[in-house]
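Here are my notes on the structure, set out as numbered points. Please read them with the coordinates open.

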Amino acid sequence: MAGLVRKSFDEPEEVRPFEAGMGELRLVNQEGGAVGRAVFQPGWQWSKHIKPIAGTDSCQSSHMGYVLSGRMKIVMDDGQEAEFGPGDFMICPPGHDAWVLGDEPCVALDWQGFVDYAKRD
């Protein structure tokens with residue numbers, strides 16, 4: 001065991017901006033992998049603001065996360081859909097689009113799917 005660890009999203013190891021200034025991802029690295037906090041601005045949509053970075057037809061990341069504020073809708077490639085808001089835990093497999101609902105930024109933590117999310121080569 002590594003002992004006590006303190007990391008801050010205010011001083012992350014990496015910051016990845018989304019297209020058109022529609023938010024950003026902040027990553028802190030842990031032994032078990034990166035943990036991310038993303039801020040998705042109102043009007044953000046994966047297919048508009050991450051797809052050009054990812055180069056795939058839909059998001060191919062698998063997410064396990066928690067929504068701190070705001071609301072997001074996720075639609076799977078097979079048509080299944082759900083809305084998530086403050087206090088919601090989510091598991092989302094690869095193959096989806098997502099967008100912010102309403103006028104408030106959606107802030108989410110993810111400890112599974114942000115390792116390569118919005119990563120530019």
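Which residues form one aromatic cluster? That is taken up in the first point below, and the model throughout is a predicted one.

1. The aromatic cluster. Phe-18, Phe-40, Trp-44, Phe-114 and Tyr-117 make up one aromatic cluster. The count of aromatic pairs in the model comes to six. One of them joins Phe-40 and Trp-44, whose ring centres are 4.4 Å apart with 55° between the planes, a tilted arrangement. Phe-114 and Tyr-117 also form a tilted pair, with ring centres 4.9 Å apart and planes at 50°.

2. Burial of the paired rings. Phe-40 has a relative accessibility of 4% and Trp-44 one of 1%. Since buried means under 20% relative accessible area, Phe-40 counts as buried because its value is 4%, and Trp-44 counts as buried because its value is 1%. The other pair reads in a similar way: Phe-114 is buried at 4%, and Tyr-117 is buried at 5%.

3. The open sheet. Three strands form an open sheet in the order β6-β5-β8, with antiparallel pairing. Strands β6 (81-84) and β8 stand at the edges; each has a single partner strand, so one side of each is left without a neighbour in the sheet. Neighbouring strands here are turned against each other by 20° on average, with direction ignored. As general background, strands of a sheet pair through backbone hydrogen bonds, in either a parallel or an antiparallel manner.

4. The β5 to β6 pairing. Strand β5 covers residues 71-76 and is joined to β6 by four bridges, the two running antiparallel. For anyone wanting a landmark in this region, Lys-73 stands opposite Glu-83 in β6.

5. His-96 and its setting. Is His-96 buried or exposed? His-96 is buried, because its relative accessible area is 3% and the cut-off for buried is under 20%. The residue lies in strand β8, which spans residues 96-101, and β8 is one of the edge strands of the sheet described above. The side chain of His-96 reaches the backbone oxygen of Pro-93 at 2.9 Å.

6. Contacts of His-96. Leaving out residues up to four places away in sequence, His-96 touches Trp-46, Ser-58, Cys-59, Ser-61, His-63, Ile-74, Val-75, Met-76 and Asp-77. With β5 covering residues 71-76, the contacts of His-96 with Ile-74, Val-75 and Met-76 are contacts with that strand.

Conventions. Residues numbered from 1 in each chain as written. Predicted model: local features only at pLDDT ≥ 70, side-chain atom pairs only at ≥ 80, totals over all residues. Heavy atoms only, no water. Buried < 20%, exposed > 50% of the residue type's maximum accessible area, 1.4 Å probe, protein only. Polar contact = N/O pair within 3.5 Å; in protein donor to acceptor, adjacent residues only side chain to side chain. Contact = heavy atoms within 4.5 Å. Pairing = 2+ DSSP bridges. Axes fitted to C-alpha atoms, helices over the stretch in contact; angles between N-to-C directions. Phe/Tyr/Trp six-rings, centres within 6.5 Å; stacked < 30°, edge-to-face > 60°.
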